[in-house]
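The following exercises ask the reader to work through a protein model step by step. Each task is followed by its solution.

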Amino acid sequence: MRALAYLGLLLLAILSDGCRRPEPVVVRRPPVRTTKPPVAKPAPVPQSPPVAAKPQPSKPTTVTVTVPSADIDALETEAMNEPMPDELGAVPPKREFRAVWIATVDNIDWPSKKGLPVANQQREIVDMFDQQQQMGINAVIVQIRSAADAFYAKSAEPWSEWLTGQQGLAPNPFYDPLEFMIDQAHQRGMEFHAWFNLDRATFSKTASIAPSNIIYRKPGWVFTYGGRKLFNLGAPAVRTYIAGIVANVVREYDIDGIHFDDYFYPYAVAGQTLRDDSTYQANFNGMKKDDWRRDNVTKLIVEIRDSIRANKPWIKFGVSPFGIWKNQSNDAEGSATNGGQSYYDLYADTRKWVREGLVDYIVPQIYFSTEFNRVPYKTLVGWWARNCGKCHLYIGHGAYRVGRGSERDPGWGRATEFPEQMRYNRQQSSVLGSVFFSAKSLKTNPLSIRDSLQTNFYRYPALVPPMTWLDSIPPLPPRDLKAADTAEGIELFWQQPDEAEDGDGANYYIVYRFEGQRPRLRLNDPRCIVGQCIGESTTRFIDKNVDPKKKYVYVVTAVDRLHNESKEVIVKVR
């Protein structure tokens with residue numbers, strides 16, 4: 001196992017260290033405010049902004065490079081998609097969403113405690129992202145709104161108490177955590193999805209609450225349940241407010257996705273009643289109350305989806321609901337399970353959302369083992385694989401349960417449980433990836449879960465699956481690919497592609513290597529990838545792991561922001 005771990009780390013070092021760029025990645029963004037927003041009296045969130053232009057990587061002046069002459073010529077493409085020979089084993093997925101949830105509420109994952117010095121906050125993010133990159137993660141889902149608060153500067157809501165120790169208190173020295181995290185993720189080639197909690201206005205009776213908190217400004221928008229102040233989603237103004245909070249982040253930050261968890265209407269608390277009778281009567285539309293609540297949640301989903309599309313239509317929208325839609329005992333079309341149901345308990349008609357394409361991806365939280373009789377893991381994953389509709393399906397894994405087997409759910413005590421789940425997912429063509437809850441569990445590595453990812457399932461890189469309904473146009477290929485033998489290894493260099501018909505350039509480049517004079521070019525096999533160069537201006541790559549006696553063929557492609565891959569350009573060396 002230790003040798004495999006070293007091999008995985010060496011591969012990652014080769015992939016990242018070989019790429020050369022003349023300067024750090026720069027992404028064009030719409031102009032944003034640079035002044036520190038007030039704390040006591042936040043600025044209102046604008047509701048009808050102009051549609052933003054899609055950001056593109058910067059285009060610096062081309063650098064002229066002198067290259068030693070070499071016996072290099074172009075190679076005709078042959079058998080581009082032939083599979084890897086059988087003796088080398090099954091081909092791992094080239095396309096797979098590999099993400100981790102980073103929870104900020106109650107300091108679950110980050111920061112490690114309230115009021116941590118700014119330098120320590122930043123160091124924790126850098127260390128966390130470095131570790132996640134090493135294990136093959138290609139996206140992070142970070143909670144930036146935990147309870148009507150903010151982990152970002154450009155907000156109409158107060159700073160989070162879990163950041164500074166007091167709600168409404170800004171970081172000192174001042175910085176924008178969201179801007180910092182986005183930049184760090186993008187430098188590592190990882191997508192950044194901004195995760196919002198929808199229902200909480202306060203977290204607990206002892207929570208720090210700023211004078212500017214919405215519960216004081218709009219007391220009629222919330223009700224008390226389970227010791228918390230919760231948003232009343234039945235009020236149209238509340239839904240519009242929440243959609244406006246999301247739209248503000250979409251406009252102001254270079255994020256890749258918007259993400260919601262499973263909290264819509266609250267989980268039931270024994271002996272308590274959800275008091276929204278007056279709102280129901282004021283907004284009566286002929287529906288029974290349960291159907292009305294479900295309709296309220298769906299309306300919120302639609303309003304947020306529409307606001308994202310109106311501002312930056314390339315940004316993805318995903319939801320991570322409780323895993324069970326309905327049990328089969330309540331509906332013949334439900335799953336063969338016996339547990340809580342998002343449709344009845346949280347008033348979230350999750351199957352409707354995927355069937356009607358209201359979200360771009362869904363991540364059902366399937367935090368059960370394969371041995372849990374009431375909700376067997378494979379049974380529920382199989383149901384979602386058959387019912388994921390018009391969106392991407394990623395599975396939410398309960399990494400925090402690994403190593404914690406119990407009499408009720410004994411499977412989590414087995415070291416084979418998590419690998420078995422991963423193998424089963426890859427057998428389902430509809431399952432396009434995984435998300436792990438949460439970052440802390442991957443860090444502590446129970447039953448070697450992190451090692452299992454790094455040295456096995458995520459040993460080879462994977463591109464994020466494209467969403468063709470958002471963008472189906474690939475970028476143009478790199479131009480003028482050349483190669484040369486150098487003292488460090490084989491150096492490749494090329495020119496940035498021209499803009500595609502949709503205005504997109506390259507967001508990153510993929511470098512493939514094949515041995516021999518005329519090898520089969522297996523572009524669907526990630527084991528042939530030797531480099532991923534982040535940023536449009538990163539147009540050099542040095543392959544240091546080469547044999548001076550061997551002949552090689554290199555292929556380079558350009559990939560845009562939505563992970564559409566260009567046609568290949570090819571060069572032969574020796």
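The exercises below concern a predicted model.

**Exercise 1. Determine which strands form the closed barrel, and describe how strand E4 is paired within it.**

Step 1. The barrel is closed and has eight strands, in the order E2-E3-E4-E7-E8-E9-E10-E11, with parallel pairing.

Step 2. On one side, strand E3 (residues 139-145) runs parallel to strand E4 (residues 191-196), and six bridges join them. Ala139 stands opposite Glu191 in E4, and Arg145 stands opposite Phe196.

Step 3. E4 also pairs in the parallel sense with strand E7 (residues 257-260), over four bridges. Here Ala194 is opposite Ile258 in E7.

**Exercise 2. Establish whether the two faces of E4 are covered or open.**

Step 1. In a regular strand, side chains alternate between the two faces of the sheet.

Step 2. One side of E4 carries Glu191, His193 and Trp195, and the other carries Phe192, Ala194 and Phe196.

Step 3. These residues are all buried, and both faces are therefore covered. The count agrees: six of the six residues of E4 are buried.

**Exercise 3. Explain why helix H4 is described as largely enclosed.**

Step 1. Helix H4 comprises residues 177-187, and nine of its 11 residues are buried, so the rest of the structure largely encloses the helix.

Step 2. The buried residues are Pro177, Leu178, Glu179, Phe180, Met181, Ile182, Gln184, Ala185 and His186.

Step 3. Their cover includes helix H2 (118-134), E3, helix H3 (161-164), E4, helix H6 (236-252) and strand E15 (529-534).

Step 4. The two ends of the helix may now be examined. At the start of H4, a side-chain oxygen of Asp176 comes within 3.1 Å of the backbone nitrogen of Leu178. Just after H4, Gly189 has a positive phi of about 75°.

**Exercise 4. Classify the packing of helix H11 against helix H12.**

Step 1. Two packed helices are described by the angle between their axes and the distance between the axes.

Step 2. H11 and helix H12 (residues 417-426) pack at an angle of about 25°, and their axes are 11 Å apart.

Step 3. Angles under 35 degrees count as roughly parallel, and H11 is therefore roughly parallel to H12.

Step 4. The contact involves Tyr377, Lys378, Val381 and Gly382 of H11, together with Glu420, Gln421, Tyr424 and Asn425 of H12. The crossing of H11 past H12 is right-handed.

**Exercise 5. Decide whether Arg294 is buried or exposed, and identify its surroundings.**

Step 1. Arg294 is located in helix H8 (residues 289-311).

Step 2. Its relative accessibility is 8%, and because buried means under 20%, Arg294 counts as buried.

Step 3. Not counting residues up to four places away in sequence, Arg294 touches Tyr343, Tyr344, Tyr347 and Ala348. A polar atom of the Arg294 side chain lies 2.7 Å from the backbone oxygen of Tyr343.

**Exercise 6. Find the edge strands of the open sheet that contains E15.**

Step 1. Four strands form this open sheet in the order E15-E14-E17-E18, and their pairing is antiparallel.

Step 2. E15 and strand E18 (569-573) each have a single partner strand, so each stands at an edge with one side lacking a neighbour in the sheet.

Step 3. From one strand to the next, the twist averages 20°.

Step 4. The partner of E18 is strand E17 (residues 552-559), to which five bridges join it in the antiparallel sense. Within this pair, Val553 stands opposite Lys572 in E18.

Terms used:
Residues are numbered from 1 along each chain as its sequence is written. This is a predicted model: local features need pLDDT of at least 70, side-chain atom pairs count only at pLDDT 80 or more; totals for chains, interfaces and linings use all residues. Side-chain values use heavy atoms; hydrogens and water are left out. Two strands pair if DSSP finds at least two bridges between them. Buried means under 20% relative accessible area, exposed over 50%, partly exposed in between (1.4 Å probe, protein chains only). Contact means heavy atoms within 4.5 Å. A polar contact is a pair of N or O atoms within 3.5 Å; within protein, one must be able to donate a hydrogen and the other to accept it, and residues adjacent in sequence count only if both atoms are side-chain atoms. Axes are lines fitted to C-alpha atoms, for helices over the stretch in contact, and angles run from 0 to 180 degrees between N-to-C directions. Angles under 35 degrees count as roughly parallel, over 145 as roughly antiparallel, 65 to 115 as roughly perpendicular and the rest as oblique. A crossing is left-handed if the near helix is turned anticlockwise from the far one by less than a right angle, and right-handed if clockwise.
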